[in-house]
Each structure stands twice: as C-alpha cells, then as structure tokens.
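Reader: Hi! I'm new to looking at protein models and could use a guided tour. Could you walk me through this one?

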Amino acid sequence: MNMLRCSCSATPLPKSVPPTSTRTEVLKRKMELLSRISSNDGRYPMVITALVVGLLISNLAKTANAIGTCYGMLGNNLPSPQRVVSQYNQFNIKGMRIYGPVSSLSEALQGSSIEVMVGVPNENLPGIASSQSTADSWVQNNVRNYPGVKWKYISAGNEIRPNLDNGGAQYARFVLPAMQNLQNSVNKFGLGIKVSIALETGICINTYPPSKGQFDPSISNYILPIVKFLVSNGSPLFLNAYPYFAYIYTPNMDIRYALFTSPNVVVQDGRYGYQNLFDAIVDSVYSALEKAGAGGVQIVVTETGWPTAGDKATSIANAQTYNNNLIQHVKNGTPKRPGQAIETFIFDMYNENLKSPEREKHWGLFKSTGAQKYPVNFN
C-alpha cells in the first residue's frame, strides 16, 4: 500500500441529481415484469419460470464471492493460521489475499471453501522471470502441493511501477517475464488459476473526470505489454484503490464522497454520474483499459479500506461506514460496468503492529487478538 497520486473532484454536492437505482431494485422490477408476463400468457409458464430462476442464479453467482479480505502478516501478535481460517469461515468471508506463500496457512486452508489469491514476493520475481523451471518449482511447492486449497489467483508482485519510489521499481523489468512463466506453469499443470499483478492507481493519469483516464505514457513500455498479456490470457487487472488517500490529499473534498454517503451525484461525466470516489477511481482505470484496446479486461480490487487511527480522518466510525458501504456497493458495479459485481479485497483483516508510519498499523477489521473492531456485515 502506498500514498497514491490522484486527481479527484472537489465539486460541491448538487441537489438536483437523484441517486441511481440499486441492482436489487432493478432485479425486483425484472422479476415483477416476468411474473406479469407469465400470469397473462399461459402458453409459456415453464419458460418464464426458467427465466426467473436463471436470472436469480446468474445474479447470485456474480455477487456470491465479491468480498474477501487481505491477510497481511507484518505483526508479531497475530492469530494462529487455524484461528485465521476459522474466523474467515465464521464471518462468511469468501476470499483471502496473501502476499506470499506460508506453508502453515496453506495447511490450515486445506479443505476450506475460501478462495485464495497468493502473491509472489517482489524479490522472488527475478528468479522466476529468468527460469521456467524456477517458475514450475514455485507453483509446485506453493500451490500444487496443497490440492485442498481453492487457489484462484497468483499476483506476480505488488505495486511495482518503474517511476514509483517505493522500492519496487527495480523489479519492473521482471514482472512480465515472470507472469509469462507463471502462466506457463499454471497451464502445464492444468490449474485454471489466473495470473496478474496488483498495481496502484498511479499507473493512470488524467483521472478526472473518469472518462479521461489513461495509462501514463511515460511507462507505456511497462504497462501496455502487461495489459496485452491480460487480454491474451483472459486475466483480470488487479488494482489497489484507496479513496482514503485521495480524500486526505485532495483539498476541500467532501468526505461523504469518499465514504459512499453522498446524497447525490458529485461528478457528472457525460452520461455517467458518480456518487462516490471508489467508482470514479475504478472507472478511470476502465477508461485507460478501453483506450489501450482492452475494454474486456475486468478489474479486481485487490486492496481498499480505511484506517481507524494514526492520521487525518482515521476513526472507528469512518472505517465502519466505508467498509460496510463498500461491501454492499460492489455488488452493483460501477457506472461504466453496471450490474457487474466488483470482486474486492478489503485491506486489512488484522492490525499489523510491525508496520510504519503509525497509520499503517490500524487498517484491520479485527484486532490482533481476533476481536472485531466494529460490526461488519460480509453478506
């Protein structure tokens, strides 16, 4: 996680544009219409019933696994792997993102229904990029050796950008060849896992309004081949998206826009109205993908959240508001992708007491003891 560049609107809240309908309301109207057709025309009752059932199943499938959490491990007082898996199950958290393989956790995950995104640590990328056999061994040792785990994604590194001074730039030239070798391994072993990389929003420029978003031309030699890889392999783009940082570094922004509590549209971008900053961030990256000829690539939000202490606008109340609203909101998609649930991982599952600065210790939904900081509805 980094403090990310963002050019976002501080437009005042207008009162004339009503909120858009929720996906639940749209579904209800569709079902009412189908029911009326069925009752008024007895010729096709079974067909209509099948349509209704299919509609329900389709939409449940889109939202069932929309929410996971990131399980960061930079703490010396975290729960045991068995307790972690138990809590994921207890609170119906369907997805887990880990930043590197941990054998004790993989053992604890065996037989669970939790879908797992596993990261390749940045420092491991050079070896995997330079050798197919190294990639094969990594996948064998960390994925295939745990067949009872529901591996879903591999992230070849985290927040690597050639012009980002976070220690990751040195690995930029290894990202694409590592992704290619990992994909070869996945294909060779018949695993059906998607390979991508978790990027931060600084890969884009001109993000206001969202329709103007484009990939930074200064790193086009880095990002465009990655995008081409995603298109070729049907893989999503992993995006770490933080309205929190955009809010604290944008003067005069109304916090309601960041917390999903704006009563009306804040940014009108052509036919798209933005009532929250999360949608604006995600859609600016969708705009960049479209300009790169990759409009069919889906975005998985691999980090987002709100800290409870340590800096401006950090509080239990704000974190609770953001994360609970986020969970419900991502079921509905964005203005550019309405009705398409956004698979999202909340950062962080637990507080991580070995991180710095102070703010970085307080992103957890749970304390290191395993106690909830505040109520969260994951359903």
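Author: Happy to, and we'll go from the overall fold down to single residues.

Reader: Great! What kind of model is it?

Author: It is a predicted model, so please keep that in mind as we go.

Reader: Okay. How many helices and strands does the protein have?

Author: The protein has twelve helices and twelve strands. Of its 379 residues, 55% are buried.

Reader: Which strands make up the closed barrel?

Author: Eight strands close up in the order β1-β2-β3-β4-β5-β8-β11-β12, and their pairing is parallel. On average, neighbouring strands of this sheet are turned by 25 degrees against each other, direction ignored.

Reader: What holds paired strands together, generally?

Author: Strands of a sheet pair through backbone hydrogen bonds, and the pairing can be parallel or antiparallel.

Reader: Can we zoom in on β4? Is it mostly covered or mostly exposed?

Author: Strand β4, residues 150–158, is mostly covered, with seven of its nine residues buried. On one pairing, β3 (residues 115–120) runs parallel to β4 over six bridges, and Met117 has Tyr153 in β4 as its bridge partner.

Reader: And how many bridges are there between β4 and β5?

Author: Four bridges, again in the parallel sense. Here Ile154 stands opposite Val195 in β5.

Reader: What about β8, which strand do its four bridges join it to?

Author: They join β8 (residues 237–240) to β11 (residues 299–304), and the two run parallel. Phe238 stands opposite Val300 in β11. Helix α8, residues 220–233, packs on the sheet and touches β5 and β8; its direction makes about 145 degrees with that of β5.

Reader: Cool. Where does helix α12 lie?

Author: Helix α12 (residues 316–329) lies across β1, β11 and β12, and it runs at about 160 degrees to β12. One residue to click on there is Asn318, which is found in α12.

Reader: Is Asn318 buried or exposed?

Author: Asn318 is buried, because its relative accessible area is 17% and the cut-off for buried is under 20%. Leaving out residues up to four places away in sequence, Asn318 touches Ile255, Leu259, Trp306 and Ala313.

Reader: Let's do helix against helix. At what angle do α6 and α7 pack?

Author: Helix α6 (residues 132–144) and helix α7 (residues 172–189) pack at an angle of about 60 degrees, and their axes are 9 Å apart. That angle makes α6 oblique to α7. The crossing of α6 past α7 is right-handed.

Reader: Which residues make that contact?

Author: From α6 they include Trp138, Val139 and Arg144, and from α7 they include Leu182, Lys188 and Phe189. The residues of the contact of α6 with α7 divide into five nonpolar, five polar and three charged.

Reader: I see a proline, Pro177. Where does it lie?

Author: Pro177 lies in helix α7. With 24% relative accessibility, Pro177 counts as partly exposed. The C-alpha atoms of Pro177 and Ala129 are separated by 4.8 Å, although the two are 48 residues apart along the chain.

Reader: Wow! What share of the protein's contacts comes from residues that far along the chain?

Author: Counting contacts with a separation of 6 or more, 71% are between residues 24 or more positions apart.

Reader: Now for backbone oddities. What is usual for phi and peptide bonds?

Author: Most residues other than glycine have a negative phi, and most peptide bonds are trans.

Reader: So which peptide bonds here are cis?

Author: One cis bond joins Tyr208 and Pro209, with omega about -10 degrees. Pro209 sits in the loop between β6 and β7. Another cis bond goes from Ser356 to Pro357, with omega near 0 degrees, and Pro357 is found in the segment after β12.

Reader: And which residues have a positive phi without being glycine?

Author: Glu159 is one of them, with phi near 50 degrees. Glu159 lies in the loop between β4 and α7, and at 2% relative accessibility Glu159 counts as buried. Ala313 also has a positive phi, of about 65 degrees. Ala313 lies in the loop between β11 and α12 and is partly exposed, with a relative accessible area of 21%.

Key: Residues are numbered from 1 along each chain as its sequence is written. This is a predicted model: local features need pLDDT of at least 70, side-chain atom pairs count only at pLDDT 80 or more; totals for chains, interfaces and linings use all residues. Side-chain values use heavy atoms; hydrogens and water are left out. Two strands pair if DSSP finds at least two bridges between them. Axes are lines fitted to C-alpha atoms, for helices over the stretch in contact, and angles run from 0 to 180 degrees between N-to-C directions. Contact means heavy atoms within 4.5 Å. Angles under 35 degrees count as roughly parallel, over 145 as roughly antiparallel, 65 to 115 as roughly perpendicular and the rest as oblique. A crossing is left-handed if the near helix is turned anticlockwise from the far one by less than a right angle, and right-handed if clockwise. Ala, Val, Leu, Ile, Met, Phe, Trp, Tyr, Cys and Pro count as nonpolar, Asp, Glu, Lys and Arg as charged, and the others, Gly among them, as polar. Buried means under 20% relative accessible area, exposed over 50%, partly exposed in between (1.4 Å probe, protein chains only).
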